[in-house]
Amino acid sequence: DVIADPPTKEDISEFWGGLWSSKGGHNSNAQWLKDEKKEMENKPKAVWTNFNLETLILTTKKISNWKAPGLDQVQNFWIKNIV
């Protein structure tokens, strides 16, 4: 799968720049945050596994293009063609 007319670096920066540069705020006293914190107290912590660029590229090639996106809402097709 080759993208015939990929977005330019400037297009990508313009699209994502607003999200990267703006500082969000939240209500740190919100009840749902307290509930989540309490629920997560007894959960095991995630263990970080180091990986290198080659592993990232090989793993990325194996994922399906149009499966449901993750929390970022970016389709795998786009991730595969950026990497």
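What follows is a short walk through this predicted model, stop by stop.

Before you click on anything, note that residues are numbered from 1 along each chain as its sequence is written. Because the model is predicted, local features need pLDDT of at least 70 and side-chain atom pairs count only at pLDDT 80 or more, while totals for chains, interfaces and linings use all residues; side-chain values use heavy atoms, with hydrogens and water left out.

**Colour by confidence**

Start with pLDDT, the predictor's confidence in each residue, from 0 to 100. The protein averages 87, and 99% of the residues score at least 70. Among the elements, α1 has the lowest mean, 85, and helix α2 (residues 31–40) the highest, 94. Helices here are DSSP runs (H or I, at least four residues), numbered from the N terminus.

**Select α1, residues 9–21**

Centre the view on F15, where α1 has a kink of about 40°. That bend is the angle between axes fitted to the seven residues ending there and the seven starting there. Now show the surface: of the 13 residues of α1, one is buried, so the helix lies largely in the open. Buried means under 20% relative accessible area, exposed over 50% and partly exposed in between, with a 1.4 Å probe and protein chains only.

**Open the largest pocket**

Select I3, P6, P7, D11, I12, F15, W16, V74, W78, N81 and I82, which line the largest pocket. The elements giving two or more residues to this lining are α1 and α4, and α1 has the largest share, with four residues. The volume is about 360 Å³, taken as the space filled by probe spheres set on grid points joined across faces, edges and corners. A pocket is an open set of points on a 1 Å grid over the protein atoms alone, where a 1.4 Å probe fits, with protein on both sides within 12 Å along at least five of seven lines; lining residues have an atom within 4 Å of a point.

Try colouring the lining by class: nine residues are nonpolar, one is polar and one is charged. Ala, Val, Leu, Ile, Met, Phe, Trp, Tyr, Cys and Pro count as nonpolar, Asp, Glu, Lys and Arg as charged, and the others, Gly among them, as polar.

**Step along from Q73 to N76**

Go to Q73, in the loop between α3 (53–62) and α4. Q73 isn't a glycine, yet has a positive phi of about 65°. It's exposed, at 58% relative accessibility.

Next pick Q75, which sits in the loop between α3 and α4 and is partly exposed at 23%. Leaving aside neighbours within four places in sequence, Q75 is in contact (heavy atoms within 4.5 Å) with N65, W66, K67 and P69. Draw a C-alpha distance from Q75 to N65: they're 10 residues apart in sequence and 6.8 Å apart in space.

Then click N76, in helix α4 (residues 76–82). N76 is buried, at 15%. Not counting residues up to four places away in sequence, N76 touches I63, S64, N65 and K67.

**Last stop: M40**

Finish in helix α2 with M40, partly exposed at 43%. Draw one more C-alpha line, to K62: the two are 22 residues apart along the chain and separated by 32 Å.
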